[in-house]
Amino acid sequence: MLDTIYIISYKYQGVWNSILDICKKRYTDLGFKTEIVEGFSLKEHTHIKPNEVVYLNFLYKVLPILEKSNEVGILVSEDDAYVSSFFTPEFLNCRLEEYDYKNNIIRIGYQKVLNLHEKPRGYICVGNQLTWIPKSLLSKLKEDMHRKRPQHLDCYFSKNLNILEIVLDKEIQKKNKYVKEIEHYSFAVGKVRKGLKIKDI
């Protein structure tokens, strides 16, 4: 069973981002195992642009984990993710088995899907709260991401037709989100990202 979540977070002056504990506890309370991945802190890596940090975290922090993994893929979460109460490992595995998860990136948790007919896939899936990355795409991702300029990772996935992508249960999640976002200040966008307020969790 696929039940380990790799949560990308960051430290500033040796202290983890404050919402990490909330995210991790929610996953563990629902039966997941968690591993913390230390990403780049924009405050300490000032040469990295805000729109580049998630891309670079994925390329230099996540893909090496995927390369060493003995599994068919890995589940990668941002530290602002807060999964719904029904979102157990059993639920997730059941949903993944209905798709070609061994050969597709699957966008499980995201903010919204924008229908944009001029884009290659006809949409942009915004957000990377929880994503499945299959090992079968490792070589292609490494080559392609090193070749391209760093950019918003969600846009990279959505517009890149060389990388197979599925948005999980897009119609269902319009009304019943599997993964919500914890409200927080995002250095990547330079403002507060609206979402679940910590006092309401």
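1. What radius of gyration does the protein chain have, and what would a compact globule with 201 residues have? The chain has 16 Å, and a compact globule of 201 residues would have a value near 17 Å, so the two agree. Note that this is a predicted model.

2. Overall dimensions: taken along the principal axes, the box filled by the C-alpha atoms of the protein chain is roughly 40 × 40 × 35 Å. The secondary structure consists of five helices and 14 strands.

3. Burial and surface: of the 201 residues in the protein chain, 50% are buried. The exposed area is about 10300 Å², and carbon and sulfur atoms supply 50% of that area.

4. Contact order: taking contacts in the protein chain between residues at least 6 apart in sequence, 71% join residues at least 24 apart.

5. Charge: there are 32 positive and 26 negative side chains in the protein chain. The centres of these two sets are 4 Å apart.

6. Helix α3 spans residues 89–96, and its buried residues are Pro 89, Leu 92, Asn 93, Arg 95 and Leu 96. These residues lie on the same side of α3, because the arc they cover around the axis is only 160°. In an α-helix there are 3.6 residues a turn, so residues three or four places apart point the same way. The partners against which the buried residues of α3 pack are two strands, β5 (73–78) and β7 (105–109).

7. Asn 17 sits in the loop between β3 (15–16) and α1 (20–29). Is Asn 17 buried or exposed? Its relative accessible area is 16%, and the cut-off for buried is under 20%, so Asn 17 counts as buried. Setting aside neighbours within four places in sequence, the contacts of Asn 17 are Ser 9, Tyr 10 and Asp 79.

8. Lys 112 belongs to strand β8, which covers residues 112–115. Its relative accessibility is 44%; partly exposed lies between the limits of 20% and 50%, so Lys 112 is classed as partly exposed. Which residues does Lys 112 touch, not counting those up to four places away in sequence? They are Ile 124, Cys 125, Val 126 and Lys 177.

9. One distance for Lys 112 can be added: Gln 151 is 39 residues apart from Lys 112 along the chain, and the C-alpha atoms of the two are separated by 18 Å.

How values were computed:
Residues numbered from 1 in each chain as written. Predicted model: local features only at pLDDT ≥ 70, side-chain atom pairs only at ≥ 80, totals over all residues. Heavy atoms only, no water. Helix = DSSP H or I, 4+ residues; strand = E, 2+ residues; numbered from the N terminus. Rg over C-alpha atoms; globule rule 2.2 N^0.38 Å. Buried < 20%, exposed > 50% of the residue type's maximum accessible area, 1.4 Å probe, protein only. Contact = heavy atoms within 4.5 Å. Areas by Shrake-Rupley, 256 points an atom, 1.4 Å probe, with all protein chains shown as cover. Lys, Arg positive; Asp, Glu negative; His and termini not counted. Charge placed at Lys NZ, Arg CZ, Asp CG, Glu CD. Arc of directions from axis to C-beta.
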